[in-house]
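Ready to work through a structure with a pencil in hand? Try each exercise yourself before you read its solution.

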Amino acid sequence: MTTLDSTFHSLHQNGLLVLANVADAGGARIVEHLGGKAVATSSAAMAWSHGYQDGNKLPLDLLSITVESMARVLSVPLTVDIEGGYSDDLDQVGQVINAVISAGAVGINIEDGLGSPELLVRKIDVARRIAKQAGVELFINVRTDVYLKNLFPAEQRLEELLKRAALYASAGADGLFAAGVVDSNEIETLCRGTKLPVNLLSRDGLPSPDELKRLGVRRLSAGSSIAEFLHGAMGTLVRSFLDNGELDIHALKAYTYGELNALMAAKSE
């Protein structure tokens, strides 16, 4: 292992790793300056910063350049959200993973989304092979969208999540991102039911960080929430300045994910 990949793995062993997801090198530098033990990207935030929608729209060259610019200013580990690998073609997925590793990432998020768990297993295999060739012990954090995208009825979700956790662990995943889970009992059952470090997404109704640690959670991510607020604040400031030449900081609020993703559609083709 290199120093940074070893460090990133160790950060998941004890306590709760809190990751403030950002879009660019400036944001990455701020996170490290404020004490972040590692830096994570948000695929949505990164896409929006370049005027693209989230959802496998960001071109590989922009992804690679952005990751490289972030790694350049950091002395802590960097993990990159690559959605589903930006493709279901395994060769293209390999190109994406090779690009982000070459640019300086020591971790990735890769998700199943609406695709089959078996397809994600094949992507995990590709990621492990590419990382081995590069000499990096890549931390593969696998996001399953069973809860986030309501893929199953509520009474079946936890069972399906545990099945996928076991499948992804056997395939060589290093972490499980159970985005959308907020109930304490379900969180505790999940943490006890998988050997993988559990990552949760910050959202309304989630227990406090101290409670998450007690339940066994090892990682907490902001997702696109920081970017949603920053773009919303920018919109409010721009509107007030265009209207009256003043910067009104009293009405700052976030855009929603849907509003931002729709806004970027006009420039994403």
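Below are five exercises on this predicted model, each with a worked solution.

**Exercise 1. Work out the strand order of the open sheet and find its edge strands.**

Start with the order. The open sheet has eight strands, and they run β1-β8-β7-β6-β5-β4-β3-β2 with parallel pairing.

Next, look for strands that pair on one side only: these are β1 and β2 (39-40), the edge strands.

Now zoom in on one pair. β4 and β5 (residues 139-143) run parallel and are joined by five bridges. For a concrete example, take Ile 110, whose bridge partner in β5 is Val 142.

**Exercise 2. Describe the largest pocket and what lines it.**

Begin with its volume, about 790 Å³. Then go to the lining: there are 39 residues, and those closest to the centre of the pocket are Asp 54, Glu 111, Arg 143, Leu 148 and Tyr 257.

Which elements give two or more residues to this lining? They are α3 (43-49), β4 (107-111), α6 (117-134) and α11. Of the lining, α6 supplies the largest share, with three residues.

Last, sort the lining by class: 11 residues are nonpolar, 17 are polar and 11 are charged.

**Exercise 3. Do the same for the second largest pocket.**

Here the volume is about 440 Å³. Its lining has 22 residues, and closest to the centre you'll find Asn 21, Val 22, Gly 27, Val 31 and Ile 226.

The elements giving two or more residues are β1 (17-19), α2 (25-33), α3 and α10 (225-244). The most comes from α10, with five residues.

By class, this lining holds 14 nonpolar, six polar and two charged residues.

**Exercise 4. Take three salt bridges and decide how buried or exposed each partner is.**

The whole model has 13 salt bridges by the rule used here. To sort the partners, you need the cut-offs: buried is under 20% relative accessible area, exposed is over 50%, and partly exposed is in between.

Step one: Asp 112 and Arg 164, with their closest N and O atoms 3.0 Å apart. Asp 112 sits in the loop between β4 and α6 and Arg 164 in helix α7 (residues 154-171), so this pair ties together parts that are 52 residues apart in sequence. Asp 112 has a relative accessible area of 6%, so it's buried. Arg 164 comes out at 7%, so it counts as buried too.

Step two: Asp 210 and Lys 213, at 3.7 Å from N to O. They are three residues apart in helix α9 (residues 209-215), so about one helical turn separates them. At 58%, Asp 210 is exposed, while Lys 213 is partly exposed at 40%.

Step three: Lys 149 and Asp 145, at 3.3 Å from N to O. Lys 149 is partly exposed, with 37% relative accessibility, whereas Asp 145 is buried at 0%.

**Exercise 5. Place Asn 261 in the structure and list its contacts.**

First find its element: Asn 261 belongs to helix α11 (residues 257-263).

Is Asn 261 buried or exposed? Its relative accessible area is 12%, so Asn 261 is buried.

Finally, check what Asn 261 touches. Leaving out residues up to four places away in sequence, the contacts are Trp 48, Gln 53 and Asp 54.

How values were computed. Residues numbered from 1 in each chain as written. Predicted model: local features only at pLDDT ≥ 70, side-chain atom pairs only at ≥ 80, totals over all residues. Heavy atoms only, no water. Helix = DSSP H or I, 4+ residues; strand = E, 2+ residues; numbered from the N terminus. Buried < 20%, exposed > 50% of the residue type's maximum accessible area, 1.4 Å probe, protein only. Contact = heavy atoms within 4.5 Å. 1 Å grid on protein atoms, 1.4 Å probe; cavity = no way out; pocket = protein on both sides within 12 Å on 5 of 7 lines; lining within 4 Å. Points joined across faces, edges and corners; volume = space filled by probe spheres on them. Nonpolar A, V, L, I, M, F, W, Y, C, P; charged D, E, K, R; others polar. Pairing = 2+ DSSP bridges. Salt bridge = Lys/Arg side-chain N within 4 Å of Asp/Glu carboxyl O.
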